[in-house]
Amino acid sequence: MISQTLREARKYEEASEKMISKEERPAFHLSVRTGWMNDPNGFSFYQGKYHLFYQYHPYKSYWGPMHWGHAVSTDLLHWEYLPAALAPDEFYDRDGCFSGSAVTLPDGRHLLMYTGVVRERQPNGGHIEVQTQCLAVGDGIDYVKYEQNPVLDEKDLPEGCSRYDFRDPKMWQEEDGSYRCVVGSRPGDGSGQILLFASRDGFGWHYKKVLAANHNRFGKMWECPDFFELDGKWVLLTSPQDMLPSGFEYHNGNGTLCLIGRYDRETEEFTEEADQAIDYGIDFYAPQTILTPDGRRVMIGWMQNWDTCNHRRGNDEAWFGQMSLPRELHIKNGRLFQTPIRELDELRCGRVAYENVTVTGTVRLEGIQGRRIDMELKIRPAEGCDIYRKFAVRFAQGELCYTSFSFRPGESVLKVDRKFSGSRRAIIHQRRSKVNHDDGALKLRIILDRFSVEAFVNDGEQVMTAILYTDQAAEGISFVADGTMNMDVVKYDLM
Ligand code: FRU
């Protein structure tokens with residue numbers, strides 16, 4: 001029942017995982033079991049556990065024929081690997097099982113929907129990938145591909161849509177028990193759009209409508225859509241390719257987009273009201289969400305970006321690819337807010353706190369250091385002084401290296417900068433974002449986990465995420481002010 005290709009992948013991953021010590025991995029972010037990981041897939045709660053699958057090439061730390069890796073967790077922070085769930089082993093997915101999603105069927109089985117990829121030879125000798133949507137049904141460990149795959153192909157596409165860009169189905173169940181899914185597609189205008197499909201039973205699918213169209217506004221092709229209700233609004237998340245920058249909101253290359261609006265369940269009409277980036281840092285892409293049993297909308301993303309994959313620890317390290325922290329989502333004042341899942345609080349220990357520290361020049365504080373930490377900073381101008389020109393917090397700091405967040409109140413700009421993190425590659429190492437502040441007063445919650453930083457600004461109004469491969473011995477933290485400012489610091493180690 002299990003194909004040779006999948007059996008080999010399972011054997012390989014079990015053996016090579018043993019060569020990676022715990023210390024070589026992030027502590028509470030999911031990293032790939034072995035080899036390469038990209039997008040989160042099939043994020044779901046099934047039989048009492050969170051399941052997270054991912055785009056997976058076990059044999060090398062580079063992208064290759066896509067499998068689905070698999071891990072489970074009870075708190076979304078401690079993960080246990082399960083055997084790879086899908087391998088490219090059928091005529092309709094022989095060149096890859098691309099991104100997709102999961103739901104639980106009424107009879108208790110776990111249903112996966114993914115994109116099957118087949119490379120098609122072109123008259124000029126090149127290849128293009130034909131993409132269709134496929135199903136697999138399983139018990140949380142082993143999955144059997146549906147005998148009628150693919151369930152959606154070019155025949156189900158509206159006129160003018162490309163059969164080469166049709167991928168990443170995200171399913172959900174409606175209150176009446178029927179199913180919907182959104183899928184990324186490329187219409188005749190060459191940009192992107194999100195299509196809505198419906199199914200009575202999860203197996204027979206048909207086309208409904210174009211849920212949202214890019215019209216070349218935000219990049220080109222839209223990948224990895226997700227669509228859900230949140231705090232009275234409807235949210236469409238997608239990851240556009242080939243973006244052009246727009247102020248500090250969107251940057252070049254692969255980006256993230258959040259459209260917030262209204263949705264009429266009767267007519268299935270989505271009306272956009274606002275747009276924003278999802279993450280304002282360097283490394284975040286293709287997020288997927290889940291509704292937890294206690295009703296929280298939680299998002300997890302690939303903590304990487306296609307444009308920055310040359311930033312690596314080595315040439316063929318044992319693993320490449322991590323997921324972001326799971327983040328609880330809310331809509332406030334018409335914007336997407338993200339906070340680290342509250343389960344993270346359980347990992348906190350070794351509290352060190354300082355109040356009203358005055359910073360001019362460089363300051364280090366006893367007990368404030370580490371590479372697995374949760375640190376909250378409240379910064380503000382010092383009383384009786386002119387407003388400071390710049391504040392910076394440096395972390396993962398050694399003799400020659402550091403990464404920093406710096407804030408210039410005069411420009412309302414927060415910048416992440418890993419230029420001095422030890423990277424030897426000429427790729428993007430900085431990113432700036434406009435942030436809200438109250439005359440120089442700003443809140444930052446910074447989470448470090450060995451190879452990454454995620455900064456939550458103003459209680460989650462914005463997030464900036466970046467990967468850093470700085471040597472783990474570099475665990476210093478310092479605060480730098482141009483001018484005089486004041487701050488409170490609370491730091492926990494995360495165990
Ligand atoms: C997004 C993506 C998806 C695709 C997958 C392939 O990062 O390009 O659109 O399904 O990666 O690995």
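Where is the place of Pro150? Select Pro150 and you land in the loop between β8 and β9 (strands here are DSSP runs of E with at least two residues, numbered from the N terminus). Before you go on, know that this is a predicted model, in which local features need pLDDT of at least 70, side-chain atom pairs count only at pLDDT 80 or more, and totals for chains, interfaces and linings use all residues. Residues are numbered from 1 along each chain as its sequence is written, and side-chain values use heavy atoms, with hydrogens and water left out.

**Stop 1: the peptide bond at Pro150.** Add Asn149 to your selection. The bond joining Asn149 and Pro150 is cis, with omega at about -10°.

**Stop 2: a sheet.** Now pick β5, β6, β7 and β8. They form an open sheet in the order β5-β6-β7-β8, with antiparallel pairing (two strands pair if DSSP finds at least two bridges between them). β5 and β8 (143-145) are the edge strands with a single partner each, so one side of each has no neighbour in the sheet. On average, neighbouring strands here are turned by 30° against each other, direction ignored (axes are lines fitted to C-alpha atoms, and angles run from 0 to 180 degrees between N-to-C directions). Zoom in on β7 (residues 127-138), which pairs with β8 over three bridges in the antiparallel sense. Show Gly138 and Tyr143 too: Tyr143, in β8, is the bridge partner of Gly138.

**Stop 3: Asp168.** Jump to strand β9 and click Asp168. Its phi is positive, about 70°, although Asp168 is not a glycine. Is Asp168 buried or exposed? Asp168 counts as buried because its relative accessibility is 6% (buried means under 20% relative accessible area, exposed over 50%, partly exposed in between, using a 1.4 Å probe and protein chains only).

**Stop 4: the ligand.** Keep Asp168 on screen and show the ligand. There are 13 residues around the ligand, and the closest are Asp39, Gln55, Asp168, Glu223 and Trp306 (a residue is near if one of its heavy atoms lies within 4 Å). An N or O atom in the Asp168 side chain sits 2.6 Å from a ligand oxygen atom. For Glu223, an N or O side-chain atom is 2.8 Å from an oxygen atom of the ligand.

**Stop 5: Asp459.** Finally, head to the loop between β29 (452-457) and β30 (462-467), where you find Asp459. Asp459 is not a glycine, yet has a positive phi of about 55°. Asp459 is partly exposed, with a relative accessible area of 45%.

Note on methods: Polar contact = N/O pair within 3.5 Å; in protein donor to acceptor, adjacent residues only side chain to side chain. Helix = DSSP H or I, 4+ residues; strand = E, 2+ residues; numbered from the N terminus.
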